[in-house]
Amino acid sequence: MHVPDHVVTAIEIVAILVGAFSGFIEARRKRMDLVGVFTVAFITAFGGGTLRDILLDKRPLFWVIHQEYAILIFVLALVASPAIRTLRQIVSERLIVIADAVGLGLFSVAGVSSALDAHMPLFIASMMGVITGIFGGVLRDIVCNEVPMVFRDGKPYAICAFIGNWIFLSMGMLHVSGDFALWSSALFITTTRLLAWKFDLRMGR
Amino acid sequence: MHVPDHVVTAIEIVAILVGAFSGFIEARRKRMDLVGVFTVAFITAFGGGTLRDILLDKRPLFWVIHQEYAILIFVLALVASPAIRTLRQIVSERLIVIADAVGLGLFSVAGVSSALDAHMPLFIASMMGVITGIFGGVLRDIVCNEVPMVFRDGKPYAICAFIGNWIFLSMGMLHVSGDFALWSSALFITTTRLLAWKFDLRMGR
Amino acid sequence: MHVPDHVVTAIEIVAILVGAFSGFIEARRKRMDLVGVFTVAFITAFGGGTLRDILLDKRPLFWVIHQEYAILIFVLALVASPAIRTLRQIVSERLIVIADAVGLGLFSVAGVSSALDAHMPLFIASMMGVITGIFGGVLRDIVCNEVPMVFRDGKPYAICAFIGNWIFLSMGMLHVSGDFALWSSALFITTTRLLAWKFDLRMGR
C-alpha cells in the first residue's frame, strides 16, 4: 500500500501545528518561560514522530528535512507566548479537543504508513502508529512533570487510534487504494475520539 | 566468549514477563487505565533493552523481531487489568521481589553479552548490562512521575548487577565457557540481591 | 569551518566535569544513593551530547570512545558521595554558577560544530547546540522528578546559548577561523549568562 509523499507531508504539517498549540497551552499552565514554551511545543509536535523514527532507526528526522516547521514553531512561540492568555480566552476547550482529535487521526495513520515502509510486522506497525499519535503528548506531560493524561483518564483516545490503525492495515491487506485507506482510517479515529469525548465515555479499569 | 542465541532469547523472555508484571502493579497503583497499564508494562519489560540497543545503534529491536512478546503483553494487559486487585492479593510481595531479582540477573548479563557483541569496551559493557537490568524500572518510574526507586532506596540492586557483570566479564577474560559464565553470573546477581533484601542491607549515603 | 578534534575534545572534558558536579548536587538534594548519584551525574554530564548524537544518528557515542570519562565520573561518585556535604560547604553557589556557565558555552558551541559536521541545516544546527548545552540538565531534572529549571525560571540561559550559536554560525559564513569562532562564541555565551545571573535579568513571560 503506497500513500503519496505529499499527502503524508500535508498530514504531518496539520498535526504538527495542532501539537504545538497543545504544547503552548500546557507549558503556560506550568508557568514556563519562552524557552520552555518553545521546547514543550516542539516536543509535543515532533516527539511522537521522532521517537518512532529513532525506534525505526530512520534518518534524517522529519524536522531536520523540514527545518521550516521548526522555525515556524519558534516564531509562533515568540508570538504566542505573550498572547497566550488572550488566545486561551478566544480558543475554546471544544476547539482544542477537535484539533487534537484531527491530529491524533492524522499522526497515527501516518505513523503506521511509515512503519510499513520500514518493513515492520503488523502488530508493531499498529503500535508505531499509536506511538506517533500519542507520544508527543506523553513526552509533553513527562517534561511538565505530570503522569501522562492519556494513561490515566480512562477515556478512549489511544484505543481509537489503535482500532483505526487496524482498519488501515486491514484495508491494505484488502488492496484498498492507499489514499482512501489513509483518509478514511484517520477520519474513523478522529470521529470516534470526538464521539467518546462528546458522550464522556469511559473504559472500565 | 559466545553465548548461544537461544539461551539469550530464553533469558530475555523470562525477564520480559517479570518486567511486565512489575509494570502492571505500578500502573494500577497509579490508577492508570488499560492504555497506561499496557504501555507501562511494555516500557518496564522492554525499556532497558531498547535503551541499550538505541545507545548501541542496534536494530531491529528485540520486540520488533519478536512481535509475539509485544502481543503477549497486550493480551496480558487486557486480562490482567480487571484482575489485578485479585492478582495482588494472590501474589505476595515476596514473589514479586524474587521474580524481579531473577529478571535483574538475567537482563543484566544478557545486556553485557549484547554490548560485547557490539565491541564495546569493558567498562561500557558493564554499564550497558546495568542499563539493561535497571532502566526498564527507571523509565517505568519516570512515566509514573516518581523519582526512580533504584536511585533512592539505598538497597543493593544495581550494585549487585554491576559486580555480577564484572564477574561475567572476568570469566570471559579467563576463557570460561560462555554458558557457564552467563548462568553463574546471573545466579550471583539474583542471589546477592535476594540476600540484600532478606537482611535489609543498606549502602551508606 | 573546521575545528580541530583535540580542541573539541578538550572542551567536552571540562564541560563533562562541570555537568557531573551539578548532577552530584541535585542527586544528593533528592537524597539519592550511590547508584542515583552516579547515574544522575552521568546523565547530566553526557545526556545533552548523547541525545544530540542519537538525533544525528552518530555513533560511537563520545563516552563509548572515551570510557575513561565514564570511569572518572564513577570514581568521583564513589569519592564525592560521602563528601558531598563538605563539598557543598566549600563550593559556593557562585562557583557552581560560573562553572555551569562555562559548561553551557563550551557544550553548546561544540554541539553546533558537531551538527554542522553531520550536514544539518543552520537552524537545526543552532538547536542541536542548545540541546547539547541544556539537555543534560533537562534530563537530570526529569529523572529527579522536577519541571526542568531551564524551562521555568525565566532567566536567560538557553537564550544565551541560542544567540551565541548564531554568532558561531555567522562567523562560519564569514569564513572566520574555526578556533577563534568557537572560543569567542563560547566566551560570549558564558559571559552573557553570567551577566544575566549577576544582574538577575528575567525574560518576560
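Select chain A and colour it by secondary structure: this predicted model shows eight helices and zero strands there. Helices (H or I, at least four residues) and strands (E, at least two) are DSSP runs, numbered from the N terminus. Along the sequence the pattern reads α-α-α-α-α-α-α-α.

Residues are numbered from 1 along each chain as its sequence is written, while chains are lettered from A and ligands numbered from 1 in the order in which they are written. As the model is a prediction, local features need pLDDT of at least 70 and side-chain atom pairs count only at pLDDT 80 or more, but totals for chains, interfaces and linings use all residues.

**Stop 1: chain A as a whole**

Keep chain A selected and show C-alpha atoms. Along the principal axes, they fill a box of roughly 50 × 40 × 25 Å. The radius of gyration of chain A is 16 Å, which agrees with the value near 17 Å for a compact globule of 205 residues. That radius is taken over C-alpha atoms, and the globule rule is 2.2 Å times the number of residues to the power 0.38.

Of the 205 residues of chain A, 53% count as buried. A residue is buried if 20 or more other C-beta atoms lie within 10 Å of its own, exposed if 12 or fewer, and partly exposed in between, with C-beta atoms placed from the backbone. Among contacts in chain A between residues at least 6 apart in sequence, 72% join residues at least 24 apart. Two residues are in contact if their C-beta atoms, placed from the backbone, lie within 7 Å.

**Stop 2: helix H2 of chain B**

Select residues 34-56 of chain B, which form helix H2. The 23 residues reach 32 Å from the first C-alpha to the last, close to the 33 Å expected at 1.5 Å a residue. The expected span is 1.5 Å times one less than the number of residues in the helix.

Centre on B:Phe46, where H2(B) has a kink of about 55°. The bend at a residue is the angle between axes fitted to the seven residues ending there and the seven starting there. Of the 23 residues of H2(B), 21 are buried. Just after the helix comes B:Asp57, with a positive phi near 60°.

Now pick B:Val40, which is in helix H2 of chain B. B:Val40 is buried, with 29 other C-beta atoms within 10 Å. Leaving out residues up to four places away in sequence, B:Val40 touches B:Gly23, B:Glu26, B:Ala27, B:Met32, B:Arg140, B:Val143 and B:Cys144. To gauge distance, add B:Glu68: B:Val40 and B:Glu68 are 28 residues apart in sequence and 18 Å apart in space, C-alpha to C-alpha.

**Stop 3: helix H6 of chain B**

Select residues 122-143 of chain B for helix H6. The end C-alpha atoms of its 22 residues are 31 Å apart, in agreement with the 32 Å that 1.5 Å a residue should give. H6(B) bends by about 50° at B:Ile134. Because 19 of its 22 residues are buried, H6(B) is largely enclosed by the rest of the structure. B:Asn145 follows H6(B) and has a positive phi, near 60°.

**Stop 4: chain B against chain A**

Show chains A and B together. A rotation of 120° with 0.0 Å of shift along its axis superposes chain B on chain A, with an RMSD of 0.0 Å. Copies are superposed by least squares on the C-alpha atoms of residues with pLDDT of at least 70 in both. In chain B, the residue closest to the rotation axis is B:Asn145, at 3.8 Å (C-alpha). The copies use different surfaces, since 15% of the contact residues of chain B recur in chain A.

The contact takes 20 residues from chain B and 23 residues from chain A. On the side of chain B, H2, helix H4 (67-90) and H6 each give two or more residues. H2(B) supplies the largest share, five residues. That side divides into 12 nonpolar, four polar and four charged residues. Ala, Val, Leu, Ile, Met, Phe, Trp, Tyr, Cys and Pro count as nonpolar, Asp, Glu, Lys and Arg as charged, and the others, Gly among them, as polar.

**Stop 5: chain C against chain A**

Hide chain B and show chain C. A turn of 120° and a shift of 0.0 Å along the axis lay chain C on chain A, with an RMSD of 0.0 Å. That is the relation of a three-fold axis. C:Asn145 comes closest to the rotation axis among the residues of chain C, at 3.8 Å (C-alpha).

The contact takes 22 residues from chain C and 20 residues from chain A. Helix H2 (34-56), helix H6 (122-143) and helix H7 (158-173) of chain C each give two or more residues to the side that touches chain A. The largest share of that side, four residues, comes from H6(C).
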